[in-house]
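Please look over the fold shown here. The paragraphs below go from sheet to strands to helices.

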Amino acid sequence: MKDEKIIFLHVGGHYVHRAFAKSVTSNFVDITKESIPKDYDIYLIEASYYKIALMKLFGIINRKSKIINIFADPRLYFIKSKTYLDPRNGKIKKYPWWKRKISQLLLKIVDGGLCVSKFEQNLLKDFSPSTPSKVVYPFISDERMYSLSKVSPNLHGEKILFIGNNDYYYKGIDILIDSFKLLKKIRPKAELFILGNISKKREWETEGVFFCGRTEIEPFLKKCSLYVHPSRGEAFGVSIIESLLAGVPALVSEDTGAGEVLKKIDPGLLFRLNPKEISEKIDSYFKTSKEYKLKLSKRGRFEAKKFSKNKQVKLFKKRFFEILNKK
């Protein structure tokens, strides 16, 4: 293993993935700007495994080389759900059957998967059960860990927070808005703050809903008493853990990777993707005692503090070599 050459192929390099990769190699290539080198033994990939898998299939790289992919994006969810949001026109479309078939075939060529949640790992097993896989959760940076742990939220109000970017369908913003409309009928003072670069649709215009764009999250964590994340298939959802770290309890869908953390705090914090059920969950939380909310807040902080950079990077390195030794 010591003599084998490892390279990290990325598409911009998410800061978590870069830190993970640095624990096993110093060789980085941005495949959006540079060609893929052909003389490496192990290719660690940031999500986009298609090209390198094709290169291995056709012998452009050594067929004995190994491909290890970090599964952290919506790709597997799109294959399973057969739908996706077209970013060019904002419409929901069917995922082409031929793309799904090719994606599944190329998955068979991947030699191992490092998944950011058990939820994501199960999706991988659905399509390629023989592919060795391990779970390594992402981390919160040391600076953010420190600053968010100092936040004192207002646990006794009726302000709800959501944080997410880009794909409203994947994130479930439409479901969140429908849930809030139902909630508004019984809690007219409730407010919903949506942070991130998600384009606002005309049909989402509702009293009490505020699209705040990309901005600092700490001021909102201080004034909100609940975080809600109704994703249709989120691989993990770091913003959920950041909210817990700030002491803001969270409600999330069963199809969210970070729900595995919420289960440890209270299994009742998960919901099915049904607007009525979600609105009832939110209302039920608002009705709970101050003592219960404080208990959730403390438990959330305790669990979130486990997601330190040092701990998760060490675990990634361990899991990475465990997968290689299986092949």
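What follows is a walk through a predicted model.

Start with the open sheet. How many strands does the open sheet have, and in what order? There are 6 strands, and they run S2-S1-S3-S4-S7-S8. The pairing is parallel. At the edges sit strand S2, residues 28–30, and strand S8, residues 133–135. Each of these edge strands pairs on one side only. Between neighbouring strands of this sheet the average turn is 20 degrees, with direction ignored.

Now look inside the sheet. Strand S1 covers residues 6–10, and strand S3 covers residues 42–46. S1 and S3 pair in the parallel sense over 4 bridges. Take Ile-7 as a landmark: its bridge partner in S3 is Tyr-43. A helix also packs on the sheet, namely H2, residues 50–57. H2 touches S1, S3 and strand S4, the last of these spanning residues 66–71. The direction of H2 makes about 165 degrees with that of S4. An angle over 145 degrees counts as roughly antiparallel, so H2 runs roughly antiparallel to S4.

Move on to strand S10, residues 191–195. Is S10 mostly covered or mostly uncovered? S10 is mostly covered, with 4 of its 5 residues buried. Buried here means under 20% relative accessible area. S10 pairs with strand S9, residues 159–163, in the parallel sense over 5 bridges. S10 also pairs with strand S11, residues 209–213, again in the parallel sense, over 4 bridges. Leu-192 links the two pairings. Ile-160 stands opposite Leu-192 in S10. Leu-192 in turn stands opposite Val-209 in S11.

Finish with a pair of helices. Two packed helices are described by the angle between their axes and the distance between those axes. Helix H1 spans residues 15–22, and helix H14 spans residues 309–326. H1 and H14 pack at an angle of about 55 degrees, and their axes are 8 Å apart. That angle makes H1 oblique to H14. The crossing of H1 past H14 is right-handed.

Which residues make the contact? From H1 come Ala-19, Phe-20 and Ala-21. From H14 come Lys-309, Gln-312, Val-313 and Phe-316. By class, the contact of H1 with H14 has 5 nonpolar residues, 1 polar residue and 1 charged residue. The charged residue is Lys-309, and the polar residue is Gln-312.

Technical notes
Residues numbered from 1 in each chain as written. Predicted model: local features only at pLDDT ≥ 70, side-chain atom pairs only at ≥ 80, totals over all residues. Heavy atoms only, no water. Axes fitted to C-alpha atoms, helices over the stretch in contact; angles between N-to-C directions. Helix = DSSP H or I, 4+ residues; strand = E, 2+ residues; numbered from the N terminus. Parallel < 35°, antiparallel > 145°, perpendicular 65-115°, else oblique. Left-handed = near helix turned anticlockwise from the far one by under 90°. Contact = heavy atoms within 4.5 Å. Buried < 20%, exposed > 50% of the residue type's maximum accessible area, 1.4 Å probe, protein only. Pairing = 2+ DSSP bridges.
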